[in-house]
Amino acid sequence: MQVSHFKERKEKNCLNCNAVVQGRFCHICGQENIEPKETVWHLVSHFFQDITHFDGKFFSTLKYLLFKPGFLSREYMLGRRASYLNPIRMYVFTSAFFFLYFFSAFSLDGVNSDFNAAIDTQRKIDKLKLSVEGLKKQLEKTKDTAIKNAAQKTLVSFSSRIGAYEKILDSIKKDTSSVTARLEAIQDSAIEAFDKNPERFEQKEKKSGINFSFMQDRYYTVMAYDSVQANLPPEKRDGWWRKLRNRKAVDIYEKASEKTSDFGKHLLNTFLHAMPQMFFFSLPIFAFLLGLLNRRGRKYYYVNHAIFSIHLYCATFIITFMFMLLVKYAAFGSETVENLYTMLFFFIIWFYQYKCMRNFYQQGSAITIVKFIAINVLAFVVTAFLTIGFFIISLWKV
C-alpha cells in the first residue's frame with residue numbers, strides 16, 4: 001500500500017467508515033488517516049505520485065506480460081497480485097491506447113467536409129427528382145386506388161419543392177460564382193442517369209446485394225415513402241415494424257445509390273469504431289471456450305480463464321501496435337519483404353498464444369497444440385458471427 005507524505009491525523013477514527021484506526025491505514029476500508037484539508041501543492045503531488053506508482057507497476061507488469069507468456073495469469077490465480085497491475089486496468093489502458101492509435105492511423109472522418117450549401121441543395125433536387133421518377137413508375141404498375149391517390153398528391157408536392165430548390169440554387173450560383181465549377185462535377189444527377197438508362201437502379205440493386213423483394217411497392221427515397229404513407233388512409237398504412245423495416249431498407253438503398261454520397265466510407269468508418277465493443281464482447285466468449293477445453297475438475301474456474309484471456313488480449317494489442325509502427329516507419333523495399341514481415345507477425349502472435357497456454361495450463365506440448373488449434377477454430381467462428389452482427393448494426397446506424 002502506497003504511503004503518502006501528507007500529515008497524519010491525531011484522531012484515530014477513520015473519516016470514511018468511523019472505525020478505530022490502528023496505525024496509518026484503516027484496517028476496515030484501507031483509507032489513509034491523513035488531514036482532509038489539502039493545498040494545491042498537495043493535489044499536484046498526489047497526482048504525480050499516482051502516475052509514477054502506476055508507471056512503476058505498468059512497466060514491470062509489461063515486462064512479464066511480453067517476455068513470460070502465461071506467467072501473470074498464473075500469478076493471479078495463485079493469489080500473488082499486489083506486485084502487478086490489475087488485469088482490468090491493464091486491459092482498459094492497453095485497449096484505449098491501441099484503438100486511439102488505430103483510429104488515428106485509419107481515420108475516415110471528414111468525408112463530407114467538401115460539400116457546401118450549393119452542393120447540398122443540388123443533392124436535395126436530385127433526391128426529389130429521383131423520388132418523382134420512382135413514384136411515376138409505381139403509378140404505372142399499381143392498381144390500388146388509395147396508393148395512386150397518395151402518389152399523385154406526393155408528386156404535386158415534390159414538383160413544387162423542386163422548383164423552390166432550383167430557385168435557391170440559382171441564387172447561390174449568382175452570388176457565389178466559385179461554386180459553379182464544383183457543381184458541374186456533380187451535374188450528372190440521378191434523374192438524368194435514370195433517363196439514359198431506366199434499368200440503372202434495378203441493376204444497382206442486384207450489384208449491391210440488397211434484396212427489396214419483401215417490399216410491396218418500390219420507393220427510391222425515404223422522402224417518397226414517408227410522403228406516400230402520410231397521404232394514405234390510416235388502415236392502408238404500414239404497421240410499425242413494416243414501416244421501420246421498409247424505411248431503413250429504402251434509406252440504405254438511397255444512400256448507396258447516390259453518386260455524390262460517401263456511403264461506403266461512412267459504413268466502414270462506423271464498423272471500425274465498433275471494433276472496441278466487438279473485442280469486449282468476444283473476450284468473455286473466448287474465456288468460456290477456454291473453460292470448455294480445460295475442464296479438469298475444479299482446478300480452473302471461469303475467472304481464471306477470463307484473467308488469462310485479458311492478459312492474452314493485452315499482449316495482442318501491444319504486439320499489434322508495435323507491428324503497426326514497424327509497417328508505418330520501416331522501409332520494406334519490396335512487397336516480398338513486407339509479406340515476410342506479415343507472416344512473422346502472425347507467427348509471433350500464434351507462438352505467444354501457444355506459450356501462454358503451455359505455461360498457464362501446464363500441459364504437454366501435444367495436448368497444448370491440439371487445444372491451441374481447437375480454440376483458434378472456435379474463436380474464428382465466433383469472430384465471424386460477431387463481425388456479421390456488428391456489420392449489420394453498423395449498416396443500421398450509417
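Where is Q362 found? I began my notebook with this residue, and I located Q362 in the loop between α14 and α15. I should record at once that the model I am reading is a predicted one.

**Entry 1: two residues with positive phi**

I looked up the backbone angle of Q362 and noted a positive phi of about 50°, although Q362 is not a glycine. I then checked how far Q362 is open to the outside, and I wrote down that it is partly exposed, with a relative accessible area of 46%. N18 also went into this entry, since its phi is near 70°, again a positive value in a residue other than glycine. I placed N18 in the segment before α1, and I called N18 exposed because its relative accessible area of 56% is over the 50% cut-off.

**Entry 2: K371**

Next I turned to K371, which I found in helix α15. Is K371 buried or exposed? I entered K371 as buried, because its relative accessible area is 11% and buried means under 20%. Leaving aside the neighbours within four places in sequence, I listed L293, N294, M357 and Q363 as the residues in contact with K371. For L293 I could add a detail, namely that its backbone oxygen lies 2.9 Å from a polar atom of the side chain of K371. I also compared positions along the chain and in space, and noted that K371 and L290 are 81 residues apart along the chain, while their C-alpha atoms are separated by 8.8 Å.

**Entry 3: the largest pocket**

I then looked for pockets, and for the largest one I wrote down a volume of about 1,100 Å³. The largest pocket is lined by 33 residues, of which F279, T316, T320, F346 and I349 are the closest to its centre. Which helices each supply at least two residues of this lining? I listed α3 (87-105), α12 (275-293), α13 (302-329), α14 (335-361) and α15 (365-397), and I marked α13 as the one that gives the most, with 10 residues. When I sorted the lining of the largest pocket by class, I had 26 nonpolar, 6 polar and 1 charged.

**Entry 4: the second largest pocket**

For the second largest pocket I noted about 250 Å³ of space. Among the residues that line this pocket I wrote down L66, F67, M322, F323, Y341 and Y352. The elements that give two or more residues to this lining are α1 (40-67), α13 and α14, and the largest share, 5 residues, comes from α14. By class, I counted 11 nonpolar residues in the lining of the second largest pocket, with no polar and no charged ones.

**Entry 5: the nonpolar cores**

Last, I looked up the largest nonpolar core, which has 46 residues, and I noted that L65, F102 and F308 touch the most other members. Two or more residues of this core come from each of α1, α2 (71-77), α3, α12, α13, α14 and α15. Which element gives the most to this core? I wrote down α13, with 13 residues. I followed F102 a little further, and, leaving aside its neighbours within four places in sequence, I found F102 in contact with L272, M275 and M324. Apart from the largest nonpolar core lies another core, of 16 residues, and I recorded V132, L135, L155 and L169 among them.

How values were computed. Residues numbered from 1 in each chain as written. Predicted model: local features only at pLDDT ≥ 70, side-chain atom pairs only at ≥ 80, totals over all residues. Heavy atoms only, no water. 1 Å grid on protein atoms, 1.4 Å probe; cavity = no way out; pocket = protein on both sides within 12 Å on 5 of 7 lines; lining within 4 Å. Points joined across faces, edges and corners; volume = space filled by probe spheres on them. Helix = DSSP H or I, 4+ residues; strand = E, 2+ residues; numbered from the N terminus. Nonpolar A, V, L, I, M, F, W, Y, C, P; charged D, E, K, R; others polar. Buried < 20%, exposed > 50% of the residue type's maximum accessible area, 1.4 Å probe, protein only. Contact = heavy atoms within 4.5 Å. Polar contact = N/O pair within 3.5 Å; in protein donor to acceptor, adjacent residues only side chain to side chain. Core = buried A, V, L, I, M, F, W, Y, C linked by side-chain atoms within 4.5 Å.
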